[in-house]
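User: I'd like a close look at one part of this model, and then a walk outwards from there. Keep it relaxed, but stick to the coordinates.

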Amino acid sequence: QRGVLGWDIYDLAFKPDGTQLIIAAGNRLLVYDTSDGTLIQPLKGHKDTVYCVAYAKDGLWSPEQKSVSKHKTSSKITCCSWTNDGQYLALGMFNGIVSIRNKNGEEKVKIERTGGASSPIWSICWNPSRDERNDILAVADWGQKLSFYQLSGKQIGKDRMLNFDPCCVSYFTKGEYILLGGSDKQVSLFTKDGVRLGTIGEQSSWVWTCKVKPDSNYVVIGCQDGTISFYQLIFSTVHGLYKDRYAYRDSMTDVIVQHLITEQKVRIKGRELVKKIAIYKNRLAIQMPEKILIYELYSDDSSDMYYRVKEKIVKKFECNLLVVCSDHIILCQEKRLQCLSFSGIKEREWLMESLIRYIKVIGGPPGREGLLVGLKNGQILKIFVDNVFAIVLLKQSTAVRCLDMSASRNKLAVVDENDTCLVYDIHTKELLFQEPNANSVAWNTQCEDMLCFSGGGYLNIKASNFPVHQQKLQGFVVGYNGSKIFCLHVFSMSAVEVPQSAPMYQYLERKMFKEAYQIACLGVTDTDWKELAMEALEGLEFETAKKAFTRVRDLRYLELISSIEERKKHGENNNELFLADVYAYQGKFHEAAKLYKKSGHENLALDMYSDLRMFDYAKDFLGSGDPKDTKMLIKKQADWAKNINEPKAAVEMYLSAGEHMKAIEISGDHGWVDMLIEIARKLDKAEREPLSKCAFYFKKLDNPGYAAETYMKVGDLKALVHLHVETHRWEEAFALSEKHPEFKDDVYVPYAQWLAENDRFEEAQKAFHKAGRQSEAVRVLEQLTHNAVVESRFNDAAYYYWMLSMQCLDIAQENEQQKTEMLQKFHHFQHLAEVYHVYHSIQRYTEEPFSFHLPETLFNISRFLLHSLTKETPLGISKVNTLFALAKQSKALGAYKLARHAYDKLQGLQIPARFQKSIELGSLTIRSKPFHDSEELVPLCYRCSTNNPLLNNLGNVCINCRQPFVFSASSYEVLHLVEFYLEDGITDEEAVALIDLEVPRLNKREIKWQEMMNAQSLRLDDNTDIIEDDDPFTAKLSFEQGGSEFVPVIVNRAVLQSMSRRDVLIKRWPKPLRWQYYRSLLPDASITMCPSCFQMFHTEDYELLVLQHNCCPFCRRRIDESNQ
């Protein structure tokens, strides 16, 4: 639209919604309707020329201020512009300065330009784009320059020379383009970076103002002569496509290349307007106003997106269409085609009969590519770039709009001006078919028989001569590759994934499996693949089925196909049988059975139904009633009953099928003893395996009686023995071993182990003895002893060691070879038994809060233990505990010297924290006591009457005569006993007989009394002394003083005869040990010896302990046991 008002037009403004245009014309304001250009109303009120007009966007300049403030500036203001957020105002001044101020009018940035006052700022404008990171100000001055600045005052890029005086600058709504008008009497379009794109409208006078209608491509221009011009800008799509690469213009100066498959994009930046784009393989041609740039890819990689400049043709060309090949560019100018080399030299030219409407490169060797050309008169030609002659493919009556050739170059698809898609056979020129409502067409590059065309809002896919498949789609089809269709809608290119299901099913309906497979390869869903696989399998097209099942990874069917192929190799060719197998796999069992029967393989139907547990159907195929088949069927039915948890039914079926083992296993696992008894009694004794299994389950189900019965039936005596042993039915086991001595070891060894585990060691020892396994008895006891020590059960340890010593003695009796070793062990274990027996009291004293012993007893025990530990300390015994008990009791009883010695010894040992305080305190308090021991505590040797020290370096022997002390096993006082030995040649039996003869001593005593009577004097005093002086044993006690060697007391027959039976104690050790003899020197003080362990006690102590424990405290011999 164009109008002439007759006034100078200095400014104009659009209403924000674009519906009205306000024009400052002279001293008037005119309001126009932008839709049809009619004047709505004139606004009067100004007396002078109106230079500026603007619409309010969001109200007043500064709403919080009540009155508008005024600020002086250094020069005349010629133009101003607000930032998008309304926070800053830029002022352009006549002296060439740009001042940026905040809302309060304070100057924040001052931009001084190079031209100074000679270059007045005539127009400024902020970029309205909200996508830019910074606010950008465009400045146009009468130094004929266009510049850009950031809000900070920093210049962006260099000044752009204009070659005219700019009067107005304004941005498009989104800030992508700039309009500039002025003294050159035209409006120019620039990019936002200041690159000139072209002229919008030439005028006859200066252009004072130009604006863009909001959110549109409409531009209005106001001139000095009063002319108003209204233009619509049309930005045409400049693009090119080759297979999966699409290149298009962006921002008028850039080219974006998009890979439609990988979705990669690359931007090629330009500084000039892009007029045409062409792309082919690895080439890209871009035409600009004064040149053509040819790019190539860096590599041959199909996904490479990096382009570099190969050639520049610096020459201005006018053309309607541009095409690029490997070594040439083709320019189309109406009827003429020109072929140029990359250096710009024209090599060939073709002149057509009519206007060229469509041109496309269809491939070929480099430098010899073929072009497909469609003309307005309906002619379609093929041109080779190295051949001057064009080849006419065919001619139709209607003008060509779009063309494409199939992958094999056998078919040609044409869209004409009547929106009809026509498909021709190139060789025969025959019209194969035509379809209406088409605006573009493309063949599938991977499948010869498929094409698609778009039109009327639909996408149409046609395979072969089947009906068209339609789906909704907006835009134009420009390419078809596999299952992807490339569609251009407005300015964007998109790759649409189209499943090829419909054409695939069209082929399947006609049993064209190979063709259907080719279509499926282009892209169908997994469900479609499965359908194709099944259809091909049923059609016995195994090759196609195999490929399809491989695609969906169905191993079951692949195994089936593989087995069928193997059978075919071996000469089998019964298709009905193959199909039956297929139906069976698919679950169509009845159809499969019919085919099996038809092909004479009823046994396969029987197997199938029995495997499927469909036994009722299976019975129909039993045929002649072969008992073997019937048995097999019952067995399978039983297996199934077992699997579905019907074990009773399964057992009955297994029994009827003769599968006894399985019936027994099920009965045993479910604990059905009655069923097992029934089976076991029915079985023949020759069937050993099933009977043994029955016995195993009887034993497991705690029915040893039935197990024994079964073993007896089989005659498996060894298993019977093991059964008695496992169930601890020892009497039956012993009876069996009596009859069959070969099983003696199998009975007595487990019996002995069982007794040992139940703490019946004496019986265990006898059992081991019977089995000839005494070493095992010793080993068991040693382990028990060790455990007792580790668990601090020292009383038990003492008892076990005593038991061990006695067992060693037994072994020494029986085994001459081990005699020496066993006697050593005997003495060692006797010593350990005594030590642990004693330490038990010490441990109780230190660990428990109350003491069970008198201080004298603990005092004696501590001394005895220390004397016994001169060589080594056995496991579990603590010297600290022993010395601690000795120190405490010594102090309490007045043995201060000994207590001090014990405390000193403790200082050199590692003391537990719980004793630390007590020992430190005791060590200090003992210093206040006298340095001697109470004489009452000093032990006396009954042989030599020597007082011994409380702590003796020699151990538990006299320091003078070396006679070993004999201790009470309860109070550990020294007993008034002296051990004597028999003269060589006197046997133990003879010695006992001589001791029993007390006559001579009684006679002597009577004679003495008579002599006294004869003298008529009565001497009753010192009678015993007289006897003792005359006692031959007393004479034997003497020895040489000071000898370091121990001299034992050896007696002859006369001395033995003089002894009284009640004064002598005999330890009657079994062979090979000698008996030990002790003479009491104080016969009135009664001493009792345990007849089992031969430990000595004061009689009162022994009786009290026996009453308490009902047994000997040392060897635990019960009082009701007979003396052995």
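Which residue forms a salt bridge with Glu296, and how far apart are the closest N and O atoms? Please take that pair apart properly, then carry on to the other salt bridges, the sheet with S45 in it, and helix H5.

Analyst: Sure, with the reminder that this is a predicted model. The partner is Arg308, and the closest N and O atoms of the two are 3.3 Å apart. Glu296 sits in strand S27, residues 291-297, while Arg308 belongs to strand S28, residues 307-313, so the pair links distant parts of the chain, twelve residues apart. How covered up are they? Glu296 has a relative accessible area of 16% and is buried, because the cut-off for buried is under 20%. Arg308, with 34%, is partly exposed.

That pair is one piece of a bigger set, as the structure holds 29 salt bridges. Another to click on is Asp11 with Lys211, whose side chains meet at 3.5 Å, N to O. Asp11 lies in strand S2 (residues 9-14) and Lys211 in strand S18 (residues 207-212), so this bridge ties together parts that are 200 residues apart in sequence. Asp11 counts as buried, at 9% relative accessibility, whereas Lys211 comes out at 25% and counts as partly exposed.

Asp796 and Arg793 also meet through their side chains in a salt bridge, with 2.6 Å from N to O. Arg793 is partly exposed here, at 31% relative accessibility. If you'd rather see a network, go to Asp250, Asp254, Arg267 and Lys269, which salt bridges link together.

Now to the sheet. It is an open one of three strands, ordered S45-S46-S47, and the pairing is antiparallel. S45 (476-481) and S47 (492-497) stand at the edges with a single partner strand each, so one side of each has no neighbour in the sheet. On average, neighbouring strands are turned by 25 degrees against each other, ignoring direction. For a detail, take S46, residues 484-489: this strand pairs with S47 in the antiparallel sense over six bridges. Leu488 has Met493 as its bridge partner in S47.

Further along there's helix H4, residues 542-552, where you'll find Thr544. Thr544 is buried, with a relative accessible area of just 5%. What does Thr544 touch, leaving aside its neighbours within four places in sequence? The contacts are Phe513, Lys514, Tyr517, Leu532 and Ala536.

Last stop, H5, which covers residues 555-569. Those 15 residues reach 21 Å from the first C-alpha to the last, close to the 21 Å expected at 1.5 Å a residue. Which side of the helix is covered? Tyr557, Leu558, Leu560, Ile561 and Ile564 are buried in H5. They span an arc of only 155 degrees around the axis, which puts them on the same side of H5. The general pattern helps in reading this: an α-helix has 3.6 residues a turn, so residues three or four places apart point the same way. Turn to the other side of H5 and you meet Leu555, Glu559 and Lys569, which are exposed. After H5 comes Gly571, with a positive phi near 95 degrees.

Key
Residues are numbered from 1 along each chain as its sequence is written. This is a predicted model: local features need pLDDT of at least 70, side-chain atom pairs count only at pLDDT 80 or more; totals for chains, interfaces and linings use all residues. Side-chain values use heavy atoms; hydrogens and water are left out. A salt bridge is a side-chain nitrogen of Lys or Arg within 4 Å of a carboxyl oxygen of Asp or Glu. Helices (H or I, at least four residues) and strands (E, at least two) are DSSP runs, numbered from the N terminus. Buried means under 20% relative accessible area, exposed over 50%, partly exposed in between (1.4 Å probe, protein chains only). Contact means heavy atoms within 4.5 Å. Two strands pair if DSSP finds at least two bridges between them. Axes are lines fitted to C-alpha atoms, for helices over the stretch in contact, and angles run from 0 to 180 degrees between N-to-C directions. The expected span of a helix is 1.5 Å times one less than its number of residues. The arc is that of the directions from the helix axis to the C-beta atoms.
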